[in-house]
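Hi everyone, thanks for coming. I'd like to walk you through a few spots in this structure, so please have it open in front of you.

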Amino acid sequence: MSAQMIHTLNQMMENGKTRNLIHHYIEDQTLNGRTITLDGRELTNFGSCSYLGLEHHPALIEGAIEATRKYGTQFSSSRTYASLGLYQELEGRLEQMFQRPVLVTASTTLGHLATLPVIVGEKDAVILDMQVHNSVQLAVQLLKAEGISATLIRHNDMDALEEKILQLRNKHQKIWYLADGVYSMYGDFAPMQRLKQLMDQYEQFHLYIDDAHGMSWTGPNGTGVVCDHLFYHEKMVLAGSLNKSFASAGGFIAFPNAEMARTVKNCGGTLIFCGPIQPPMLGAACASTRLHCSDEILPIQQKVAGLVDFTNQRIEALGLPQFEVTPSPLFFIPSGLPRVTYEIINRMLKDGFYINTASFPATPMKRGGIRFMVNGNLEQTDMAQMLDALAYHYPRVLADEGSSPEKVAKAFSIPEFEVKAPRPVVQLQARREDLVVEQHQSIRHIDAGEWDDLMALRGNFPHASLRMLEYTFSSEEQPENNWKFEYFRVKDHVGKTILNTFYTTVLLKDDMFAPASVSEQVEEVRKTDPYYLVSKTVLLGSPITKGNHLFLDRSHPQWKEALSKLIHQMQQTVEEEGATQLMLREFRKGADEELKTFLLDQGLIEVDLPDECLVTDLGWTDHDDYLQRLGGKYRYNVRKEILPFADQFRIVTEKPANNREVRECFDLYNNVFEQAYEMNVHQLPFAYFENICSHPDYDIIRLYLADDPRPASEQKPIAVMFSHCKNDNYHALIVGLDYDFVRTHNTYKQILYRTVWRAKELGCGHLDLAFTAELEKKKVGARTYPVCLYMQAMDHFNQAVIASMAKAQARA
């Protein structure tokens, strides 16, 4: 797991814990399977995956007790050496049920870790459904470490799967598709008939499917959802769980042939080096399989099926939405953003119902919801009471949180719905709207003085500069250089500005902040598919502006309302423009925990950016004073790496005077662009450089060789820095280099040094040297500061692909 992913997951978990939604300890002295006690309150439990409710069945309890009496609490031996005889009974009965060779493992996760590295050969490839269970994805990391190709496809996208099969079949011996039978968040099924068709059609295509949530409650002898639709296929490997509806412990893998089962038993790492299921739960598992092989299981399955039918009918009658209606006892009610889901859960807890969240990162940020399970310990009255309470709270919470059934339906691409609350909903008196929103699509419609009073000192986006950017990025041939600008201002009832900003709708490379090696790999694909892993994004500011884009009066009591209005408007733009992500940038990391928490509640997660490099001390009196303020190590670097070369350059600060000179600078920029994978962005158009070279807010420094013998008219610069200079601020934006001179003349260090002195010369008090190359910038006086952005992804498929590539390279 990447550091960024750990950071994000930790944010979400800490937020959930703060809201008292996770990491509970139940307080009951005994359990009855129907209720649990939390914080002194008895709750009806809809969070159990023991679908048949067999955990209190006398046969299973007696099986655990008998095994404990006979064998003790533990038999501590690797299965490679010795196993209890109960394993023979358990595996034999499972083979009888599934009519194929079966290996029992200490858990389903350990089963994946034992099986996949053995059955997937070094010349094979794997394709993962992006919603496949985390335990399967964990095992795939072992495959990637061996150099095996692994790619993701969107959830249940069989057309994309077939396309991948066609791409891979001439390069690999076998192509394995890794999927779930019943998906653990949305409760929907894998398209089994289409998978069977693909296995029949393509000789190399094989299926590895985890039916942990589909077992026991359906199928002959509880063989599950997958076997209900496809009992056997010679190219299918089936994983199952004994932990959930079988109400015991462990997992199992059912193989198409004995040879494959024998090889995994001999070579599977977790079968050799991990412990076994211990006697009490092994006894319970044997008892559970005996029960499943008897007629006694039928009325238990029928009761659960009846509860599921009742639940589906009640949901429909109440008008509640479902992502997909299935006969599964695992239900998912779409609700959208985490804060909406959390509030529904909180209100349901107060009413006495324990249900689960299904939210980011297990689902996309705006596609979370309520997750609950039907189990055999519940009755129809329990289901009716819980669903009535849910139908009561659901529309109220959506309204309170600024959402609606229409927004939920659109986020999930499901039919529109209307919830029929069983209790009368009290209509709250609408709050008087005392915030005034002003929106414009061009800076030309905004008074220059008003804008600059608020924004001119915040970055390189004063009024005049934005007019130039609008002109430049409105009629370019390439779609990545056509930006849509929006200006947004919120005032209170007396006309005081609380919030002011602008945002753009643009195309961004999803690997912009990925490791450089990942971007290099992605760029190879873009040679034939230029918009591979590129997303339309609604971005605070623009791709070429830098600074504090958000004016927000934090002293105003309505700042949160104002910021909510901005986020809501940006989300609306996302929908209108068909964008897939929203970004607010950039913020000093760790400087405002209240803002961070507020944005997290809005569904925006903190994402680290490269450190920004700022020179805030430009007050030296002379060169000696400048060196003295650098400190010993960096003073030495300047004297050794920069000053000895200073006389080798002719410095030109006049702007390029003609198209040829602009083109020469543009060529230097391209040299850097073609190698700048550390922050991978789209190429800027030549028109942008033409316009900034004639704009009064921009400053250009060029370095020429002092001893160039050619006439001045034929000389070309070997380095250039494009910067924005306004009032007290100097923003170094873009560098260009001739790489023939970078090592021999230290031109990059020299242009940084000259930039510092140019900012001083122009009387600036603040120099922003932007991102990357932190060490070189520190040498000339910069200090680094951690910054972040806040992002909401409507679809995290592209980021999942990039994360997968990064993991594969890290293990290579």
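Let's begin with asparagine 312 and ask which residues it is in contact with, leaving aside its neighbours within four places in sequence. They are Gln322, Val325, Thr326 and Phe331. Please keep in mind that we're looking at a predicted model. Asparagine 312 lies in helix H12, and its side chain reaches the backbone oxygen of threonine 326 at 3.0 Å. Is asparagine 312 buried or exposed? Its relative accessibility is 13%, so it counts as buried, the cut-off being under 20%.

Now let's follow that helix to the sheet. Helix H12, residues 297-318, lies across strands S10 and S13 and runs at about 20° to S10. A second helix, H15, residues 405-412, also packs on the sheet. H15 touches S10 and S13 as well, and its direction makes about 115° with that of S10.

And the sheet itself? It is an open one, formed by 3 strands in the order S10-S13-S12, with antiparallel pairing. Strand S10 (330-336) and strand S12 (356-358) stand at the edges with a single partner strand each, so one side of each has no neighbour in the sheet. From one strand to the next, the twist averages 30°. S10 and S13, the latter spanning residues 368-373, pair over 6 bridges. If you'd like a pair to click on, take proline 334, whose bridge partner in S13 is glycine 369.

Next, a pair of helices. Helix H1, residues 3-18, packs against helix H20, residues 593-601, at an angle of about 85°, with the axes 11 Å apart. That angle makes H1 roughly perpendicular to H20. Who meets whom there? From H1 we have His7, Gln11, Met12 and Asn15, and from H20 we have Lys596, Leu600 and Asp601. By character, the residues of this contact divide into 2 nonpolar, 3 polar and 2 charged.

My last stop is glycine 541, in the loop between strand S17 (534-540) and strand S18 (551-552). How much relative accessible area does glycine 541 have? The value is 0%, so glycine 541 is buried. Not counting residues up to four places away in sequence, glycine 541 touches Phe502, Tyr503, Thr504, His549 and Arg585. Arginine 585 is 44 residues away from glycine 541 in sequence, yet their C-alpha atoms are 7.5 Å apart in space.

That's my tour, and I'm happy to go back to any of these spots with you.

Notes. Residues numbered from 1 in each chain as written. Predicted model: local features only at pLDDT ≥ 70, side-chain atom pairs only at ≥ 80, totals over all residues. Heavy atoms only, no water. Pairing = 2+ DSSP bridges. Helix = DSSP H or I, 4+ residues; strand = E, 2+ residues; numbered from the N terminus. Axes fitted to C-alpha atoms, helices over the stretch in contact; angles between N-to-C directions. Contact = heavy atoms within 4.5 Å. Parallel < 35°, antiparallel > 145°, perpendicular 65-115°, else oblique. Nonpolar A, V, L, I, M, F, W, Y, C, P; charged D, E, K, R; others polar. Buried < 20%, exposed > 50% of the residue type's maximum accessible area, 1.4 Å probe, protein only. Polar contact = N/O pair within 3.5 Å; in protein donor to acceptor, adjacent residues only side chain to side chain.
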